[in-house]
Amino acid sequence: VQLQASGGGLVQPGGSLRLSCAASGTFFSINNMGWYRQAPGKQRELVAAIISGGSPNYADSVKGRLAISRDNAKNTVYLQMNSLKPEDTAVYYCNARIRRRWSSGTDDYWGQGTQVTVSS
């Protein structure tokens, strides 16, 4: 199982970016999908997460500006990032909790990380 993230880059304050993360490989189902971020010198933190068929959850610092969505047919999770601020600068990692077989438990998988830099 692999997660491939894309969509990071350099954007000015107030700008927008859209991150994508696709899961590939052989598995039975995907439970949670989400995005985390890690800024220099800080711990990795949850940005947003969504359960299949459920409502999304957001960190307080991004509510109203970032929106998570998923396309179950494509095994892909998205993060639409609007009104970006310099403090959003970080490496963003996608995460998926995947059940490899119908009889197995779930495991966490991580994408490779994509850099988001918000600067004028």
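The questions and answers below concern a predicted model and take up its disulfide, its nonpolar core, one leucine and its largest pocket.

Q: Which residues does a disulfide join in this model?
A: A disulfide is counted where two cysteine sulfur atoms lie within 2.5 Å, and by this rule the count comes to one. The S to S distance of the pair is 2.0 Å, and the residues joined are Cys21 and Cys94.

Q: How many residues apart in sequence are the parts that the pair Cys21 and Cys94 ties together?
A: Cys21 belongs to strand E3, which covers residues 17-24, while Cys94 belongs to strand E9, which covers residues 90-99. Because the two cysteines sit in these two strands, the disulfide ties together parts whose separation in sequence is 73 residues.

Q: What is the handedness of the disulfide between Cys21 and Cys94?
A: Both cysteines of this pair are buried. The torsion about their S-S bond is about 50°, so the disulfide is right-handed.

Q: Which element gives the most residues to the largest nonpolar core?
A: This core has 31 residues, and those touching the most other members are Trp35, Val47, Leu79, Met81 and Tyr92. Several elements give two or more residues to the core, including strand E1 (2-6), strand E4 (29-38) and strand E11 (114-118). The element that gives the most, with five residues, is E9.

Q: Which residues of strand E5 or beyond does Leu79 touch, leaving aside residues up to four places away in sequence?
A: Leu79 is among the core residues that touch the most other members. Its contacts include Leu17, Leu19 and Trp35, and also Val47, Ala48, Leu66, Ala67, Ile68 and Tyr92.

Q: Is Leu46 buried, partly exposed or exposed?
A: Leu46 lies in strand E5, and, leaving aside neighbours within four places in sequence, it is in contact with Trp35, Tyr36 and Ala59. Buried means under 20% relative accessible area and exposed means over 50%. The relative accessibility of Leu46 is 37%, so this residue counts as partly exposed.

Q: How far apart in space are Leu46 and Cys94, C-alpha to C-alpha?
A: Leu46 is in strand E5, whereas Cys94 is in strand E9. The two residues are 48 residues apart in sequence, and their C-alpha to C-alpha distance is 9.9 Å.

Q: How many charged residues are in the lining of the largest pocket?
A: The largest pocket has a volume of about 160 Å³, and among the residues that line it are Arg37, Lys42, Glu45, Arg65, Glu87 and Asp88. By class, the lining has one nonpolar residue and four polar residues, and the number of charged residues is six.

Note on methods:
Residues are numbered from 1 along each chain as its sequence is written. This is a predicted model: local features need pLDDT of at least 70, side-chain atom pairs count only at pLDDT 80 or more; totals for chains, interfaces and linings use all residues. Side-chain values use heavy atoms; hydrogens and water are left out. On a 1 Å grid over the protein atoms alone, a cavity is a set of points where a 1.4 Å probe fits but cannot get out, and a pocket is an open set with protein on both sides within 12 Å along at least five of seven lines; lining residues have an atom within 4 Å of a point. Grid points are joined across faces, edges and corners, and a volume is the space filled by probe spheres set on the points. Ala, Val, Leu, Ile, Met, Phe, Trp, Tyr, Cys and Pro count as nonpolar, Asp, Glu, Lys and Arg as charged, and the others, Gly among them, as polar. Helices (H or I, at least four residues) and strands (E, at least two) are DSSP runs, numbered from the N terminus. Buried means under 20% relative accessible area, exposed over 50%, partly exposed in between (1.4 Å probe, protein chains only). A nonpolar core is a set of buried Ala, Val, Leu, Ile, Met, Phe, Trp, Tyr and Cys residues joined through side-chain atoms within 4.5 Å. Contact means heavy atoms within 4.5 Å.
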